[in-house]
Structures are given as C-alpha cells and as structure tokens.
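The following report describes a structure in terms of its charged pairs, its surface and its backbone. The sequence and the model are shown first.

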Amino acid sequence: MRKLQLSLKDFRRLCILKGIYPVEPPNKRKANKNRSTNNTYYLVKDIRFLLHEPLINKFRAFRVFIRRLKKAIGKKDQETTHWLQERVPIFKLDHIVKERYPTFIDALRDLDDAISMCFLFATFPKSQHVKEELIQLCRRLTIEFMHYVVEVKALRKVFISIKGIYYQAEIHGQQITWIVPHTFGFSQPSDVDFKIMVTFVQFYSTMLGFVNYKLYNSINLVYPPKLAVNYSTDLLEGEEDSNELIAALNLSLKSSIDNNLEEEVQIDEFHETDDTEEMQKRKEEQEKIEKLKTLFAGCKIYLNREVPRESILFIIRCFGGEVSFDKTIHVGATFEEDDETITHHIIDRPLGKKQYLNRYYVQPQWVYDSVNARMLLPVEQYFPGEILPPHLSPFVEEKEDEYIPPEKKALLDLQKGIITKLPRTVESSEDENDDSDEEDSDNNDESSSEDNKNKRKSVNQDNQNKRLKMKVTEGIPVKIDAEKLAQREAAEEKRLAILAMPKKDKHLYNKIIFGQKRKKREILKLQEKREKYDKEQKRQKKRKIAA
C-alpha cells in the first residue's frame, strides 16, 4: 500500500478489478519473520504489475474530489458544491476487460459468475450501498443476454432449487451455467460487505456489455436491441418506451440485415473416416439437440398470474413455443385467455368455475421436467391438485454402477420407449405385489401348521424305511460345471497376480479396491434409505385408508 500510495479500500478495489488475489507463502513463519500477526501476502510481480495501472491516478483524483467536496459543503458554498457535483471523476474499465480476456472464448469461459452476479443485483432494491443506476444496468444486460439465448435456442438444462433457478446454455461450444434468485422480498444481510460486491459487479457489468455486443453481432441483431418492425401497432399502442416490451421477453428483436436475403448455410458432410463411430455419436447428439430446440413447437401456452412469468416464458420461448399472459399484469401479451387455439394452461392454484375443455391445465413443474427429460411428459401427473413427481436434477448423471432412484429409472425407460407413460407412483406396482404377498402369506399361515405336521410324519416314515431297506448302489459320477471351473481358475489366477505385484502397485490396487467398496457401501445406504421411505409411505397410505 505504501509502494502504490493507495488506501486499503482502493487497494482491494484495484486487486478485484485486475484479478489479482493473495497467495499463501510456502513458509509462512519465515515470511512473517517469526511474528504472530496475521498478514496477507501477494506476489512481488503482481504489485509491480499494478504500478503501471492508469486507474491509480483516477483513484487519487477521486480522493482529491471528495476532499474538495467536503470542504465546500463545510463552508456552505452551494455554488462550488453544485459545480463539483456535476464534475464527478468517472473511470472506465474497458481496457481491463480487454487485458484480462484477450479472446472472446476466454470471456465466455468466465461468464458464469458474471451473469449470476448481474442477475442477483437486478433483483436488489435501491439502497445506500447499491445505486439505482447499477441495478438498472444489470437488469438491462441480463434481459439482453436472455433475448440472445431465446433467439439462438441455446438453453439446455433448468433446475429449481432452494437458492434459485439454475440454467445452463451452450454458447459457441461453451457450457454456461448461472442462477437466478427467486422473486422474494429482499432483506439486507448484516454480514455481507456490499462495497466489495459492488466492485465485482462494476467489472462484470462492463464485461457482460462486451459479450452481449459480440453475441448480437454474431447473429446479425441490432445492438442495443430493438423490436422487430413487423409487429402490429396494437402491441405498441399507448407505450411511449419500447424498453418494457423488450423486457417482456415475448417479442422477437430486429435484425440488422434482411432475412429474405439470407442464404441457408449448408453443412458439409464428410465421407467415412477412421473415426466413424465418434462422428456418428456427434451426429446423433446434434440431432437430439435440434429436436430439443423445437420441444414446445406447436404448443400455445397461457400463463396464469400466480406462476413465475419470466422464468417459464423464457424457457418456453427457448424451445419454440408460443406464450402469453394476462395483459393487465405486464405488457407484451400476444393472445387472450379465451383463445380457442391454446393447448396448455399453466396454473398453480385450484381450478375455478371457468374452464376450457380444449386445453390441458398443468402445474408449472411440467415445463421444467419436460425440458430436462427432452420430451413432452404426460400431463396426468401435473394436473392441478395432483401430488407432483420428484423434481430431478439434470446436472446429476448417474453411472451404471451407481445408485439410480426409481423415478429416474422410470424416466429413462420412458425416454427409451420401454414404457409409454410414467407410473402413477413408482412404487405402486411394488405395493401391489407386496399386498398380494401379504394376502398369500395370511392365507398360507393357517395351512402352514398342518403341512408341518404332515412333513414330520413323512420324514419319520422315510427314516424307518431307510433303516429297513439298506443296500449298496452303483456310484454316479459327479458332473463338473465348466463355467464354475473357469471362474475358480480365473479367481486363482487373479489371487496369484495380486501376490506377485510389486509393493507400489499393490498399494495402488488396494486403494482402488477400497474406493470401490466404499462406493458400494454408499449405494447400499441409499437403497436402505429408499426402502425405509417406501415402507413409511405405505404405512401412511394404510392409515389414511383405515381412517
């Protein structure tokens, strides 16, 4: 700090903007010169790198400005105070973004935290620590990014958690995952330093602005975004500013070139090579993605006012569906509730008296589960008032030797076409078998005692007959099972190979075996938990029936 002539606040701010973080010395006691104080260490080359940063002069100028402003306010010099307030020193972070991300792919790889932070600040209210301009900037940048994802249909996965809604999109071959907080009331935490968070957001918002500009140019969209000119004037009637319509996410954006003049790009098809299997897998995956992009194509969906409008609208439009909502809640509605062509009605409350017979009424989870399943799931389990199936995370991919929940197995069977629809409850068939087994056991309990008596009598008679009729019979050769013999030989060879292993390799082998056993134990624990859960569910059902 003495070398840079900066205060602690400015030094932290500069390190955050430049991407310089403290390091742990190899010998902390030696670096601390045997003192017990806790110090933070940085590399010498990083401090030398900061010496030539132009932002240092801006920080110093701002410090002088604050000193002059306080002096003018103390003297009650209103003219000087007003003059200074109009000339606040402003610094830009464009050169730092270009310095930290020399290529566009580098920026995309580091975009997860930037988008998540901007979405978080877009939900904040105006306060002493967070200015309204920064909140509006984050909101505008996130809306622009969501419009791009809708236009290119880049969304791949969604998941609702306690923290918020997770999204994953594939942009230029990079998987970008971000989280959007739930729309709850804001309560400011006391253990969070908002000054540090604001510094991060200042850099991330600048970076996201660069990324949005590049993304929009890559698909020939006008930036800043504007609405397409071919919309009817009814939607724009009474709207002085089109920003609200852009924020509705329900209308397409204006292109920078004429769509009629665009030529379809033909994908080159190469002849078979040595990597035919790999190319075939990539082609199949690409076909699945193309099919996923049109998941809701042909669906006309209406959103009730209590459902999370922005999230569901964003998801449906990313997969080719048409959406609308109550126009009294937000601008951008494209059709009314009484439209006879509506196929699905998303509702999260009990059905009222006014219902339409030509549409499905489903709960919001149907949209999220259909995206993760990559197919339109049957709507029977998602009707209003029904107990919803478990919301499985698409970010967890179980392997063959790992525990797979029965709900996930049923979903995989549905995707493969083994079953045509999901069972009402996954354990329903098991329950029926269990009930039938219980009935059979009850019926057999009475006859079991009589059978035991008869068996005892027959055993006694057989023993007496054996004693009376003793004779020597010809021996029968034992049949050798070739498969079992091969297994024994393989096991013996494996045992001898383990004994002949070097000590180093044997230690590594034992570690592998230990890891496999630990994984099996974890799978058994999960299976036991599931069995206990299923038994408890069955008991509760019986209690309800008895009540």
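K293 counts as buried, at 19% relative accessibility, because the limit for that class is under 20% relative accessible area. In this predicted model, the side chain of K293 meets that of E290 in a salt bridge, with 3.6 Å from N to O. E290 is partly exposed, its relative accessible area being 38%. The two residues stand 3 apart in helix α13, so about one helical turn separates K293 from E290.

Helix α13 spans residues 276–293 and also holds R282 and E278, which are 4 residues apart and therefore about one helical turn from each other. R282 and E278 form a salt bridge in which the closest N and O atoms are 2.9 Å apart. R282 is exposed, with a relative accessible area of 53%, while E278 counts as partly exposed at 40%.

Another pair lies in helix α9 (residues 132–152), where R140 and E144 are 4 residues apart and so about one helical turn from each other. These residues also form a salt bridge, with 2.8 Å between the closest N and O atoms. R140 is partly exposed at a relative accessible area of 40%, whereas E144 is buried at 2%.

The three pairs are set out below.

| Salt bridge | N to O distance | Citation |
|---|---|---|
| R140 and E144 | 2.8 Å | |
| R282 and E278 | 2.9 Å | |
| K293 and E290 | 3.6 Å | |

Side chains of opposite charge can pair when their charged atoms come close. The structure holds 21 salt bridges. Salt bridges also link K18, E53 and E99 in a network.

**Positive surface patch**

Which residues form the positive surface patch? The patch consists of K494, K517, R518, K520, R521, K525, K529, K532 and K535. Helix α19, which covers residues 503–546, gives the most to this patch, with 8 residues. K529 belongs to helix α19. With a relative accessible area of 59%, K529 is exposed, because that class begins over 50%.

**A buried tryptophan and its contacts**

W178 is placed in strand β3. Is W178 buried or exposed? At 1% relative accessibility, W178 counts as buried. Leaving aside residues up to four places away in sequence, W178 touches D112, I115, S116, F119, F145, L155, I165, Y166, Y167, A169 and F314. The C-alpha atoms of W178 and A114 are separated by 8.7 Å, although the two residues are 64 apart along the chain.

A further pair of positions involves N243, which is found in helix α12 (residues 243–247). N243 and L227 are 16 residues apart in sequence, and their C-alpha atoms are 9.2 Å apart in space. N243 is partly exposed, with a relative accessible area of 48%.

**Backbone features in loops**

Strands β2 (164–171) and β3 (174–181) are joined by the loop that contains H172. H172 is a residue other than glycine with a positive phi, near 55°. At 43% relative accessibility, H172 counts as partly exposed.

R374 likewise has a positive phi, of about 60°, although it is not a glycine. Its loop lies between α15 (365–373) and α16 (406–416). R374 counts as partly exposed, at 33% relative accessibility.

Where is P224 found? P224 is in the loop between α10 (194–218) and α11 (233–236). The peptide bond leading from Y223 to P224 is cis, with omega near -5°.

**The chain as a whole**

The secondary structure of the protein chain comes to 19 helices and 7 strands. The chain has 547 residues, of which 32% count as buried. Among contacts between residues at least 6 apart in sequence, 61% join residues at least 24 apart. The protein chain exposes about 38600 Å², and carbon and sulfur atoms supply 51% of this area.

Conventions
Residues are numbered from 1 along each chain as its sequence is written. This is a predicted model: local features need pLDDT of at least 70, side-chain atom pairs count only at pLDDT 80 or more; totals for chains, interfaces and linings use all residues. Side-chain values use heavy atoms; hydrogens and water are left out. Patches are made of residues with over 30% relative accessible area and no salt bridge: like charges are joined within 9 Å, nonpolar side chains (Val, Leu, Ile, Met, Phe, Trp, Tyr) within 5 Å. Accessible areas come from the Shrake-Rupley method with a 1.4 Å probe; for residues, only the protein chains shown count as cover. A salt bridge is a side-chain nitrogen of Lys or Arg within 4 Å of a carboxyl oxygen of Asp or Glu. Lys and Arg count as positive and Asp and Glu as negative; His and the chain ends are not counted. The place of a charge is taken as NZ of Lys, CZ of Arg, CG of Asp or CD of Glu. Buried means under 20% relative accessible area, exposed over 50%, partly exposed in between (1.4 Å probe, protein chains only). Contact means heavy atoms within 4.5 Å.
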